[in-house]
Amino acid sequence: MRYFTGALGISGNIQISQFLKADKIRLLQFVFKQSTLNSDDVLLGWGYKRNTQKTRKISRQLGITYWALEDGFISWLGHPSQDRQRLSLIIDKQGIYYDCASPSGIDSLLGEGCSTPLNRAACLLGQINKLNISKYNQVRGELPSWFKDLFNVGSGQSYILLVDQTFGDCSIACAGAGESDFSRMLDWAKQKITQDKNLHIIIKTHPDVLRGKKKGYLSQAVNPEYERIHLLADDVCPAALISSATEVATVSSQLGFEALWQNKPVTCFGWPFYAGRGLTQDLACTVLPYKRPQANLLQLVDAALIHYPVYMHPDSQEKCEVEDIVDFLQANFLTREIQSNELHVHKVSLWKRSFIPEFVAGSAKHIRYVSDKAKGGFSKKAERSSPTHMYWGMKTPSAQLQHPAWRMEDGFIRSVGLGADLRRPTSLVIDKLGIYYNGKQESGLELMLNNYKLTEYENRRTLKLLNLIQQTAITKYNAEPVNADKLLHLKNNAKGHDIILVTGQYQQDLSMQYGTIDIKTNMALLQHVKRQFPCAFIIYKEHPDVYSGVRPGKLSPVTVLEYANEYVTSINITDLFSISDRVCTICSLSGFEALMRGIKVNTYGLPFYAGWGLTDDHYPITRRKRNLGLIDLVYISLVLYPRYVNWQTRSITTPESVIQQLFTERNNAQILKSSWLSRQARKSRYLLESLVGSIWGRR
């Protein structure tokens, strides 16, 4: 099958070729000999735009298939004028959704009935509404102050939202409508406000209309005669604008569809694809030339969002499901929740500077690295500019700070290889309250664990995430080899006794300073576990940073074996989990990793996962107010709290994507410790990549 198009923009677009799985899209020359086309060739055009007329005419004359392409209804992280990655593409082999003259692929899907349970559509719709997802998802401004003042809670004022569109937009004529229908819509709304003195009209117009770049249909509607008609041209979140409206009216805009997502009454003055199905009040002047299949909202969502578009994941450039795109958008939205015009990053090494910008790009417009020579870590100049300050973990204690700060630290799914060996992280956390390993004060993670309630969508996603973690055996570092013979030896030596895995930690790590109370050393832990479980078969696992030689503090095997039955080093911890009945730790992440694999966990410090009813804890943590399920702990700790970067695209991504990448990267013969020379070469490469990324605007 060969693909031809009359549009240069389609023939030269690599992403469209990837959506179509096509090696090449040939440019159709309208003066060529028609005999060069074969019956199994396909002609492509962007919807039914005017520049597709010749291509569609050839299609009709020769009986050759024409496919209409369009952006999907959830299609961009940013705006197409600035974004490079299209997230979805409609490939309609029957018509195009906005043309009311004949059925489209959506009509066929609705006519065939739903091929998936509608509870999937319900969960999807709930998450879309929760995240305020739209077709374009760029950073938007807040509703203007006059709007907030006029429609604040208790004011008694309400509004009808009228959606203006750009003059001559193809979707208007294809919806059987024209300029007069916008006038009818405005007259209809005026009649409404004459009957209710507290009701206003908000006309949402395109920002380019007021800038003079484009013409709208309703931009002249505001005049002194109608003081309750207001133009809103600010680029605000569509979902926020829709949510406060009493009802929404449109000629053919997608915002009508998005209003249905929120169960708002929608009136249509043309025939957009969602009209004529029993979901809207239809006041179009023309008559539909065909009978549209009726649908409830979930059936329409199933057809239009799940099955009609093709979705492509930005990381893999492979087809994916709509939920994967929703999760990708959420990962990027989360980075926007904290914002700083200028971020001062204090006392971080040169190699950390090579990867920090990718993690903070969604939160900070400008990054400056400072050395803290001034008292308190900032200068008078910094005070005047009111920057946000960020520190690595708890290296700078809170008592030394004279200003609020963000803290950054490695995430829980980090890399293939050790951080101490200069392996670049795929995840970091940024915390405005504290940091997760400081159990002596509240952190942002603890705040969420105390308060956040999961939705059904989030429950389902977490179950899949847990299954992925278990199947791939992904942990924080993913560097240790499998040793099946040693595992069998350990299991046989246990002779049926319960196997307890005691995980050592790097003794000078800050987590041991801020996450311990009385039991503060690996040896003290081991001695306590032996007293508590005298009949168990105890395996002590040394921390990989320590036994690899990257950091000091390795315990003597002879001393360890006074309290443990086995001393192990380079065995994959997930394999040790497979033979263990219980994990005992002070505050190591291994406890969390064991919980995710269904293993009992005892804690003897203040780790973030303790105190929620999932672990047996030596010390109570009274700040932690509720019992959690494992699903809650995993979703909040792995999805909401960290940030993940795909180092191939150098952009924010999801934990699922990072896990797949690490699984591919990891092999069975990883060497934990690399030479000084290889570490310096790796550092230099990271710095060079960072410099190139800055020059080419990757941030």
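**Exercise 1. Work out the strand order of the open seven-stranded sheet, and find its edges.**

Step 1. Go across the sheet strand by strand: the order is S2-S1-S3-S4-S5-S12-S13, and the pairing is mixed. Keep in mind that you're looking at a predicted model.

Step 2. Look for strands that pair on one side only: these are strand S2 (25–27) and strand S13 (319–320), the two edges.

Step 3. Zoom in on the S13 end. Strand S12 (residues 309–312) runs antiparallel to S13, and two bridges hold the pairing. For a concrete bridge, take Met312, whose partner in S13 is Lys319.

**Exercise 2. Decide how far to trust the model, using its pLDDT.**

Step 1. Start with the average: the protein comes out at a pLDDT of 90, and 90% of the residues score at least 70.

Step 2. Now hunt for weak spots. Residues 374–380 have a pLDDT below 50, and this stretch makes 14 contacts in the model beyond near neighbours in sequence. Residues 693–699 also fall below 50, with nine contacts counted in that way.

**Exercise 3. Put together a quick overall profile of the protein: secondary structure, burial, contacts and surface.**

Step 1. Count the elements: you should get 28 helices and 26 strands.

Step 2. Check burial. The protein has 699 residues, and 57% of them count as buried.

Step 3. Take the contacts between residues at least 6 apart in sequence; 67% of those join residues at least 24 apart.

Step 4. Add up the surface: about 30600 Å² is exposed, with carbon and sulfur atoms supplying 50% of it.

**Exercise 4. Find out what surrounds Glu258, and how far away its nearest side chain of opposite charge is.**

Step 1. Place the residue: Glu258 sits in helix H11 (residues 254–261).

Step 2. Test for a partner. Side chains of opposite charge can pair when their charged atoms come close. Glu258, though, is buried without any salt bridge, and Arg140, the nearest side chain of opposite charge, is 7.1 Å off. The cut-off for a salt bridge is 4 Å from nitrogen to oxygen.

Step 3. List the neighbours. Leaving out residues up to four places away in sequence, Glu258 touches Ser134, Lys135, Pro238 and Ile242.

**Exercise 5. Take the Arg184–Asp181 and Arg414–Asp410 salt bridges and say how buried or exposed each partner is.**

Step 1. Get the total first: a search of the whole structure turns up 20 salt bridges.

Step 2. Take Arg184 and Asp181, whose side chains meet at 2.8 Å, N to O. They're three residues apart in helix H8 (residues 179–194), so about one helical turn separates them. Asp181 is buried at 5% relative accessible area, while Arg184 is partly exposed at 26%.

Step 3. Move on to Arg414 and Asp410. Their closest N and O atoms are 2.9 Å apart, and both residues are buried.

**Exercise 6. Explain which parts of the chain the Arg623–Glu446 salt bridge ties together.**

Step 1. Confirm the bridge: the closest N and O atoms of Arg623 and Glu446 are 2.7 Å apart.

Step 2. Locate both ends. Arg623 is in the loop between strand S24 (616–617) and H26, whereas Glu446 belongs to helix H17, so the pair links parts 177 residues apart in sequence.

Step 3. Compare the environments. Arg623 is partly exposed at 26% relative accessibility, and Glu446 is buried at 3%.

Step 4. Look around Glu446. In helix H17 (residues 444–451), the buried residues are Gly444, Leu445, Glu446, Leu449 and Asn450. Their cover includes strand S18 (427–431) and helix H26 (630–640).

**Exercise 7. Which loops hold Asn263 and Lys347, two residues with positive phi that aren't glycines?**

Step 1. Asn263 has a phi of about 60°. The residue falls in the loop between H11 and strand S10 (266–268). With 63% relative accessibility, Asn263 counts as exposed.

Step 2. Lys347 has a phi of about 45°. Its loop runs between strand S14 (340–346) and helix H14 (350–353). At 47% relative accessible area, Lys347 is partly exposed.

Note on methods. Residues are numbered from 1 along each chain as its sequence is written. This is a predicted model: local features need pLDDT of at least 70, side-chain atom pairs count only at pLDDT 80 or more; totals for chains, interfaces and linings use all residues. Side-chain values use heavy atoms; hydrogens and water are left out. pLDDT is the predictor's confidence in each residue, from 0 to 100. Contact means heavy atoms within 4.5 Å. Two strands pair if DSSP finds at least two bridges between them. Helices (H or I, at least four residues) and strands (E, at least two) are DSSP runs, numbered from the N terminus. Buried means under 20% relative accessible area, exposed over 50%, partly exposed in between (1.4 Å probe, protein chains only). Lys and Arg count as positive and Asp and Glu as negative; His and the chain ends are not counted. Accessible areas come from the Shrake-Rupley method with a 1.4 Å probe; for residues, only the protein chains shown count as cover.
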